[in-house]
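User: I would like a close look at a single part of this structure, with its surroundings described in one connected account.

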Amino acid sequence: MIVSSGFLVIDVSFKDPILKELEARGIELHGVKEEKIVFLAEGENAGELKARMESLQGIEGVQGVYLTYFSLEEKDEGKS
């Protein structure tokens, strides 16, 4: 499981629809203040999570997506 956190910069006039869309997409919200929304998202692998983060840019009213943390995939035990 890969974990990513970050924040969105939004047009505040779209705040409520953006919050509903993020909830529908399974994005955990950890703070909302003025034009910023802090989030946590999970994915099975880096590619899936990258696609989820890129898709956030397509939500109407989202002006920017900024990652602050991105975990690395764990190595399988016994493999080199």
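Which residues of β3 make up its covered face, and which its uncovered one? Please set the strand in the context of the protein around it.

Analyst: The model is a predicted one. Its mean pLDDT is 91, and 91% of the residues reach 70 or more. Confidence is highest in α1, at a mean of 97, and lowest in α2, at 90.

The covered face of β3 consists of I37, F39, A41 and G43, whereas K36, V38, L40 and E42 form the uncovered face.

To place the strand, the overall arrangement comes first. The protein contains 2 helices and 4 strands, which follow one another along the sequence as β-α-β-β-α-β. The C-alpha atoms fill a box of roughly 50 × 20 × 15 Å along the principal axes. Of the 80 residues in the protein, 30% are buried. Among contacts with a separation of 6 or more, 70% join residues 24 or more positions apart.

Within the sheet, β3 pairs with two strands that can be taken in turn. With β1 the pairing is antiparallel and runs over 8 bridges. Two of the matched positions are V3, whose bridge partner in β3 is E42, and L8, whose partner there is I37. E42 belongs to the uncovered face of β3 and I37 to the covered one. With β2 the pairing is again antiparallel, over 5 bridges, and here L29 stands opposite F39 of β3. The hairpin of β2 and β3 has 2 residues between the strands, and E34 adopts a positive phi near 50° in it. K33, in strand β2, counts as exposed because its relative accessibility is 62%. Between K33 and G61 the C-alpha distance is 15 Å, at a sequence separation of 28 residues.

β1 also has a partner besides β3: it pairs with β4 in the antiparallel sense over 7 bridges, and F7 stands opposite Y66 of β4. Of the 9 residues of β1, 7 are buried, so this strand is largely enclosed by the rest of the structure. S4 is one residue of this strand. With a relative accessible area of 0%, S4 is buried. Its side chain reaches the backbone oxygen of Y69 at 3.2 Å. Leaving aside residues up to four places away in sequence, S4 touches F39, L40, A41, L49, M53, L67, Y69 and F70. Of these contacts, F39 and A41 lie on the covered face of β3, and L40 on the uncovered face.

The helices can now be set against the strand. In α1 the buried residues are I18, L19 and L22. Viewed down the helix axis, they fall within an arc of 100°, so they line one face of α1. The face turned away from that buried side carries the exposed residues D16, K20, E23 and A24. The buried residues of α1 pack against β3, and also against β1, β2, α2 and β4. After α1 comes G26, with a positive phi near 80°.

In α2 the buried residues are L49, M53 and L56. They lie on the same side of α2, because they cover an arc of only 50° around its axis. Their packing partners are β1, α1, β3 and β4. At the N-terminal end of α2, N45 acts as a cap, with a side-chain oxygen 3.1 Å from the backbone nitrogen of G47.

These contributions meet in the largest nonpolar core, which has 16 residues; L8, L22, F39 and L56 touch the most other members. At least two residues of this core come from each of β1 (2-10), α1 (15-24), β3 (36-43), α2 (46-56) and β4 (62-70). F39 of the covered face of β3 is thus named among the residues with the most core contacts. L22 of α1 offers a view from the opposite partner: not counting residues up to four places away in sequence, L22 touches L8, I27, L29, I37, L56 and I59. I37, one of these contacts, is a covered-face residue of β3 and the bridge partner of L8.

Key: Residues numbered from 1 in each chain as written. Heavy atoms only, no water. Core = buried A, V, L, I, M, F, W, Y, C linked by side-chain atoms within 4.5 Å. Buried < 20%, exposed > 50% of the residue type's maximum accessible area, 1.4 Å probe, protein only. Contact = heavy atoms within 4.5 Å. pLDDT = per-residue confidence, 0-100. Arc of directions from axis to C-beta. Polar contact = N/O pair within 3.5 Å; in protein donor to acceptor, adjacent residues only side chain to side chain. Pairing = 2+ DSSP bridges.
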